[in-house]
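Here is a structure to read with its definitions at hand. Each term gets tested against its cut-off.

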Amino acid sequence: MAQRLVRAKRKIKAAGIPFRVPPDHLLPDRLTAVLAVVYLIFNEGYSSPQGDPTPDDLTAEALRLGRALAELMPDEPEVHGLLALMLLHDARRASRFHDGDLVLLADQDRSRWDADQIAVGRATLDRAIALQGRGPYVVQAAIASVHADEPTDWPQIALLYGELVRLTGSPVVELNRAVAVAEAEGPAAGLALVDALAATGDVDGYHYLHASRAELLQRLGRTEEARAALGRALDLVHDDAERRLLTRRLADLGPPD
(Lines give C-alpha, C1' and ligand atoms only; values in the text may rest on other atoms or scores of the structure.)
Protein backbone atom coordinates (compact mmCIF):
# COMPACT_ATOMS: atom_id res chain seq x y z
CA MET A 1 0.00 0.00 0.00
CA ALA A 2 2.85 2.39 0.84
CA GLN A 3 4.43 1.70 -2.54
CA ARG A 4 1.15 2.35 -4.30
CA LEU A 5 0.80 5.69 -2.54
CA VAL A 6 4.34 6.67 -3.50
CA ARG A 7 3.71 5.73 -7.14
CA ALA A 8 0.43 7.65 -7.15
CA LYS A 9 2.11 10.78 -5.75
CA ARG A 10 4.83 10.56 -8.39
CA LYS A 11 2.27 10.17 -11.16
CA ILE A 12 0.28 13.18 -9.90
CA LYS A 13 3.45 15.29 -9.69
CA ALA A 14 4.75 14.24 -13.11
CA ALA A 15 1.40 14.84 -14.80
CA GLY A 16 0.90 18.18 -13.09
CA ILE A 17 -2.56 17.18 -11.86
CA PRO A 18 -3.89 20.01 -9.67
CA PHE A 19 -5.53 19.41 -6.31
CA ARG A 20 -8.67 21.49 -5.95
CA VAL A 21 -12.21 21.32 -4.69
CA PRO A 22 -14.56 20.73 -7.66
CA PRO A 23 -16.89 23.60 -8.55
CA ASP A 24 -20.47 23.32 -7.29
CA HIS A 25 -21.92 22.27 -10.65
CA LEU A 26 -19.69 19.14 -10.71
CA LEU A 27 -20.46 17.96 -7.18
CA PRO A 28 -23.76 16.14 -7.96
CA ASP A 29 -22.03 14.05 -10.64
CA ARG A 30 -19.46 12.89 -8.10
CA LEU A 31 -21.86 12.39 -5.23
CA THR A 32 -22.84 8.78 -6.01
CA ALA A 33 -19.25 7.56 -5.79
CA VAL A 34 -18.59 9.55 -2.61
CA LEU A 35 -21.66 8.16 -0.86
CA ALA A 36 -20.71 4.62 -1.90
CA VAL A 37 -17.24 5.00 -0.40
CA VAL A 38 -18.59 6.42 2.87
CA TYR A 39 -21.04 3.52 3.13
CA LEU A 40 -18.26 1.01 2.46
CA ILE A 41 -16.25 2.54 5.30
CA PHE A 42 -19.26 2.30 7.59
CA ASN A 43 -19.98 -1.33 6.69
CA GLU A 44 -16.39 -2.35 7.29
CA GLY A 45 -16.70 -1.15 10.87
CA TYR A 46 -20.33 -2.16 11.40
CA SER A 47 -19.77 -5.78 10.37
CA SER A 48 -17.05 -6.35 13.00
CA PRO A 49 -17.67 -7.15 16.67
CA GLN A 50 -17.88 -4.11 18.94
CA GLY A 51 -14.82 -3.46 21.03
CA ASP A 52 -12.25 -3.78 18.27
CA PRO A 53 -10.81 -0.25 18.02
CA THR A 54 -10.24 -0.29 14.26
CA PRO A 55 -13.87 -1.08 13.30
CA ASP A 56 -15.10 1.38 15.93
CA ASP A 57 -12.91 4.07 14.38
CA LEU A 58 -14.18 3.25 10.89
CA THR A 59 -17.82 3.49 11.95
CA ALA A 60 -17.22 6.79 13.73
CA GLU A 61 -15.34 8.17 10.73
CA ALA A 62 -18.12 7.20 8.33
CA LEU A 63 -20.69 8.94 10.54
CA ARG A 64 -18.45 12.02 10.74
CA LEU A 65 -18.16 12.10 6.96
CA GLY A 66 -21.91 11.61 6.60
CA ARG A 67 -22.62 14.55 8.89
CA ALA A 68 -20.05 16.69 7.04
CA LEU A 69 -21.70 15.87 3.72
CA ALA A 70 -25.11 16.78 5.13
CA GLU A 71 -23.74 20.16 6.16
CA LEU A 72 -22.01 20.75 2.83
CA MET A 73 -24.94 19.57 0.68
CA PRO A 74 -28.05 20.23 2.78
CA ASP A 75 -30.42 19.98 -0.19
CA GLU A 76 -29.31 16.54 -1.40
CA PRO A 77 -31.83 13.94 -0.17
CA GLU A 78 -29.54 10.95 -0.75
CA VAL A 79 -26.93 12.52 1.55
CA HIS A 80 -29.50 12.68 4.35
CA GLY A 81 -30.73 9.22 3.37
CA LEU A 82 -27.28 7.69 3.79
CA LEU A 83 -26.71 9.48 7.10
CA ALA A 84 -30.11 8.28 8.36
CA LEU A 85 -29.31 4.73 7.25
CA MET A 86 -25.97 4.70 9.07
CA LEU A 87 -27.46 6.21 12.23
CA LEU A 88 -30.30 3.68 12.33
CA HIS A 89 -27.98 0.72 11.79
CA ASP A 90 -25.38 1.96 14.25
CA ALA A 91 -28.10 2.43 16.89
CA ARG A 92 -28.41 -1.35 17.23
CA ARG A 93 -24.77 -2.25 16.75
CA ALA A 94 -24.23 -3.04 20.44
CA SER A 95 -26.71 -5.92 20.16
CA ARG A 96 -25.35 -7.51 16.97
CA PHE A 97 -22.72 -9.65 18.69
CA HIS A 98 -22.64 -11.63 21.93
CA ASP A 99 -19.29 -13.00 23.07
CA GLY A 100 -18.05 -12.62 19.51
CA ASP A 101 -21.00 -14.51 17.99
CA LEU A 102 -23.35 -12.88 15.52
CA VAL A 103 -26.92 -12.24 16.75
CA LEU A 104 -29.60 -12.02 14.07
CA LEU A 105 -31.99 -9.07 14.07
CA ALA A 106 -34.94 -11.11 15.31
CA ASP A 107 -32.92 -12.32 18.31
CA GLN A 108 -31.35 -9.00 19.31
CA ASP A 109 -31.98 -7.43 22.70
CA ARG A 110 -33.88 -4.28 21.76
CA SER A 111 -33.23 -2.77 25.18
CA ARG A 112 -29.62 -2.35 24.02
CA TRP A 113 -30.63 -0.31 20.99
CA ASP A 114 -29.87 3.40 21.21
CA ALA A 115 -33.36 4.95 21.21
CA ASP A 116 -32.03 8.51 21.03
CA GLN A 117 -29.96 7.72 17.97
CA ILE A 118 -32.91 6.00 16.33
CA ALA A 119 -34.89 9.21 16.86
CA VAL A 120 -32.10 11.25 15.25
CA GLY A 121 -31.91 8.80 12.36
CA ARG A 122 -35.66 9.05 11.79
CA ALA A 123 -35.54 12.85 11.91
CA THR A 124 -32.76 12.74 9.32
CA LEU A 125 -34.86 10.40 7.17
CA ASP A 126 -37.79 12.82 7.47
CA ARG A 127 -35.50 15.55 6.13
CA ALA A 128 -34.58 13.38 3.14
CA ILE A 129 -38.24 12.63 2.40
CA ALA A 130 -39.14 16.32 2.73
CA LEU A 131 -36.56 16.97 0.01
CA GLN A 132 -38.50 14.55 -2.23
CA GLY A 133 -35.89 11.84 -1.73
CA ARG A 134 -36.78 8.56 -3.43
CA GLY A 135 -33.29 7.17 -4.06
CA PRO A 136 -31.70 3.91 -2.86
CA TYR A 137 -30.27 5.28 0.39
CA VAL A 138 -33.55 6.92 1.35
CA VAL A 139 -35.43 3.66 0.71
CA GLN A 140 -32.86 1.63 2.67
CA ALA A 141 -33.13 4.09 5.56
CA ALA A 142 -36.92 3.71 5.46
CA ILE A 143 -36.50 -0.08 5.71
CA ALA A 144 -34.15 0.32 8.68
CA SER A 145 -36.67 2.64 10.33
CA VAL A 146 -39.52 0.13 9.97
CA HIS A 147 -37.26 -2.59 11.39
CA ALA A 148 -36.97 -0.48 14.56
CA ASP A 149 -40.73 -0.78 15.14
CA GLU A 150 -42.24 -3.54 17.22
CA PRO A 151 -44.09 -5.44 15.94
CA THR A 152 -42.34 -5.27 12.59
CA ASP A 153 -44.52 -4.28 9.63
CA TRP A 154 -43.28 -6.97 7.22
CA PRO A 155 -45.71 -6.13 4.38
CA GLN A 156 -44.37 -2.56 4.42
CA ILE A 157 -40.77 -3.82 4.37
CA ALA A 158 -41.58 -6.13 1.46
CA LEU A 159 -43.05 -3.17 -0.46
CA LEU A 160 -39.98 -1.04 0.26
CA TYR A 161 -37.67 -3.82 -0.91
CA GLY A 162 -39.75 -4.07 -4.06
CA GLU A 163 -39.09 -0.38 -4.71
CA LEU A 164 -35.38 -0.90 -3.99
CA VAL A 165 -35.30 -3.77 -6.52
CA ARG A 166 -36.83 -1.40 -9.07
CA LEU A 167 -34.17 1.22 -8.35
CA THR A 168 -31.15 -1.06 -8.27
CA GLY A 169 -31.99 -4.26 -10.16
CA SER A 170 -29.86 -6.06 -7.57
CA PRO A 171 -30.42 -9.81 -7.03
CA VAL A 172 -29.17 -9.36 -3.45
CA VAL A 173 -31.96 -6.86 -2.83
CA GLU A 174 -34.40 -9.32 -4.43
CA LEU A 175 -33.23 -11.92 -1.91
CA ASN A 176 -33.98 -9.52 0.92
CA ARG A 177 -37.42 -8.92 -0.56
CA ALA A 178 -38.03 -12.67 -0.62
CA VAL A 179 -37.16 -12.90 3.08
CA ALA A 180 -39.58 -10.06 3.86
CA VAL A 181 -42.30 -11.74 1.79
CA ALA A 182 -41.72 -14.95 3.76
CA GLU A 183 -42.34 -13.05 6.98
CA ALA A 184 -45.42 -11.31 5.57
CA GLU A 185 -47.04 -14.16 3.61
CA GLY A 186 -45.42 -17.34 4.90
CA PRO A 187 -42.32 -19.43 4.11
CA ALA A 188 -43.79 -21.04 0.98
CA ALA A 189 -44.25 -17.65 -0.69
CA GLY A 190 -40.73 -16.61 0.25
CA LEU A 191 -39.21 -19.90 -0.89
CA ALA A 192 -40.83 -19.57 -4.31
CA LEU A 193 -39.06 -16.24 -4.78
CA VAL A 194 -35.75 -17.58 -3.47
CA ASP A 195 -35.92 -20.61 -5.76
CA ALA A 196 -36.70 -18.38 -8.74
CA LEU A 197 -33.68 -16.25 -7.88
CA ALA A 198 -31.49 -19.34 -7.42
CA ALA A 199 -32.56 -20.61 -10.85
CA THR A 200 -30.96 -17.57 -12.50
CA GLY A 201 -27.54 -18.54 -11.14
CA ASP A 202 -26.73 -14.86 -10.52
CA VAL A 203 -26.10 -15.30 -6.79
CA ASP A 204 -25.22 -18.99 -6.51
CA GLY A 205 -21.92 -18.04 -4.89
CA TYR A 206 -23.64 -15.84 -2.28
CA HIS A 207 -23.90 -17.75 0.98
CA TYR A 208 -26.89 -15.72 2.20
CA LEU A 209 -28.96 -17.19 -0.64
CA HIS A 210 -28.40 -20.72 0.58
CA ALA A 211 -28.70 -19.78 4.27
CA SER A 212 -32.03 -18.03 3.61
CA ARG A 213 -33.26 -20.99 1.58
CA ALA A 214 -32.28 -23.34 4.42
CA GLU A 215 -34.27 -21.28 6.91
CA LEU A 216 -37.40 -21.40 4.77
CA LEU A 217 -37.03 -25.10 4.04
CA GLN A 218 -36.67 -25.77 7.76
CA ARG A 219 -39.86 -23.85 8.51
CA LEU A 220 -41.64 -25.97 5.94
CA GLY A 221 -40.40 -29.17 7.58
CA ARG A 222 -38.09 -30.09 4.69
CA THR A 223 -35.19 -30.83 7.01
CA GLU A 224 -32.87 -32.77 4.70
CA GLU A 225 -33.12 -30.11 2.00
CA ALA A 226 -32.43 -27.47 4.65
CA ARG A 227 -29.36 -29.41 5.74
CA ALA A 228 -28.04 -29.51 2.18
CA ALA A 229 -28.62 -25.78 1.74
CA LEU A 230 -26.79 -25.02 4.99
CA GLY A 231 -23.90 -27.19 3.83
CA ARG A 232 -23.67 -25.15 0.65
CA ALA A 233 -23.77 -21.92 2.66
CA LEU A 234 -20.94 -23.17 4.89
CA ASP A 235 -18.86 -23.96 1.80
CA LEU A 236 -19.18 -20.34 0.70
CA VAL A 237 -18.98 -18.34 3.93
CA HIS A 238 -15.70 -16.63 4.87
CA ASP A 239 -16.57 -14.66 8.01
CA ASP A 240 -15.80 -16.61 11.20
CA ALA A 241 -18.78 -15.26 13.17
CA GLU A 242 -21.20 -16.14 10.39
CA ARG A 243 -19.60 -19.57 10.02
CA ARG A 244 -20.23 -20.26 13.71
CA LEU A 245 -23.84 -19.13 13.33
CA LEU A 246 -24.42 -21.45 10.36
CA THR A 247 -22.70 -24.31 12.17
CA ARG A 248 -25.05 -23.87 15.14
CA ARG A 249 -28.05 -23.83 12.84
CA LEU A 250 -26.87 -27.04 11.19
CA ALA A 251 -26.39 -28.70 14.57
CA ASP A 252 -29.91 -27.64 15.60
CA LEU A 253 -31.31 -29.69 12.72
CA GLY A 254 -30.11 -32.85 14.46
CA PRO A 255 -28.39 -35.86 12.88
CA PRO A 256 -29.14 -36.75 9.25
CA ASP A 257 -31.86 -39.31 8.59
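**Pocket, cavity, core: checking the terms**

The second largest pocket is lined by Val21, Pro22, Leu27, Arg30, Leu31, Val34, Leu69, Leu72 and Met73. This is a predicted model, in which local features need pLDDT of at least 70, side-chain atom pairs count only at pLDDT 80 or more, and totals for chains, interfaces and linings use all residues. Residues are numbered from 1 along each chain as its sequence is written, and side-chain values use heavy atoms, without hydrogens and water.

Q: What makes a residue part of the lining, and what makes a space a pocket or a cavity?
A: A lining residue has an atom within 4 Å of a point on a 1 Å grid over the protein atoms alone. A pocket is an open set of points with protein on both sides within 12 Å along at least five of seven lines. In a cavity a 1.4 Å probe fits but cannot get out.

Q: Which helix gives the most to the lining of the second largest pocket?
A: α2, with 4 residues. Both α2 (27-46) and α3 (53-72) supply at least two. Helices are DSSP runs of H or I, at least four residues, numbered from the N terminus.

Q: How do the residues of this pocket's lining divide into nonpolar, polar and charged?
A: The lining of the second largest pocket has 8 nonpolar, no polar and 1 charged. Asp, Glu, Lys and Arg count as charged, so Arg30 falls in that class. Ala, Val, Leu, Ile, Met, Phe, Trp, Tyr, Cys and Pro count as nonpolar, and the others, Gly among them, as polar.

Q: How many cavities of 30 Å³ or more are there?
A: The count is 1. The largest cavity has a volume of about 60 Å³. Its lining is Leu88, His89, Arg92, Trp113, Ile118, Ala144 and Ala148.

Q: Why is Gly190 called buried?
A: Its relative accessible area is 0%. Buried means under 20% (exposed is over 50%, partly exposed in between; 1.4 Å probe, protein chains only), so Gly190 qualifies. Gly190 sits in helix α9 (residues 187-200).

Q: What is Gly190 in contact with, leaving aside its neighbours within four places in sequence?
A: Ala178, Val181, Ala182 and Leu216. Contact means heavy atoms within 4.5 Å.

Q: Which members of the largest nonpolar core touch the most others?
A: Of its 42 residues, they are Leu35, Tyr39, Val79, Leu82, Met86, Ile143 and Tyr161. A nonpolar core is a set of buried Ala, Val, Leu, Ile, Met, Phe, Trp, Tyr and Cys residues joined through side-chain atoms within 4.5 Å.

How values were computed:
Points joined across faces, edges and corners; volume = space filled by probe spheres on them.
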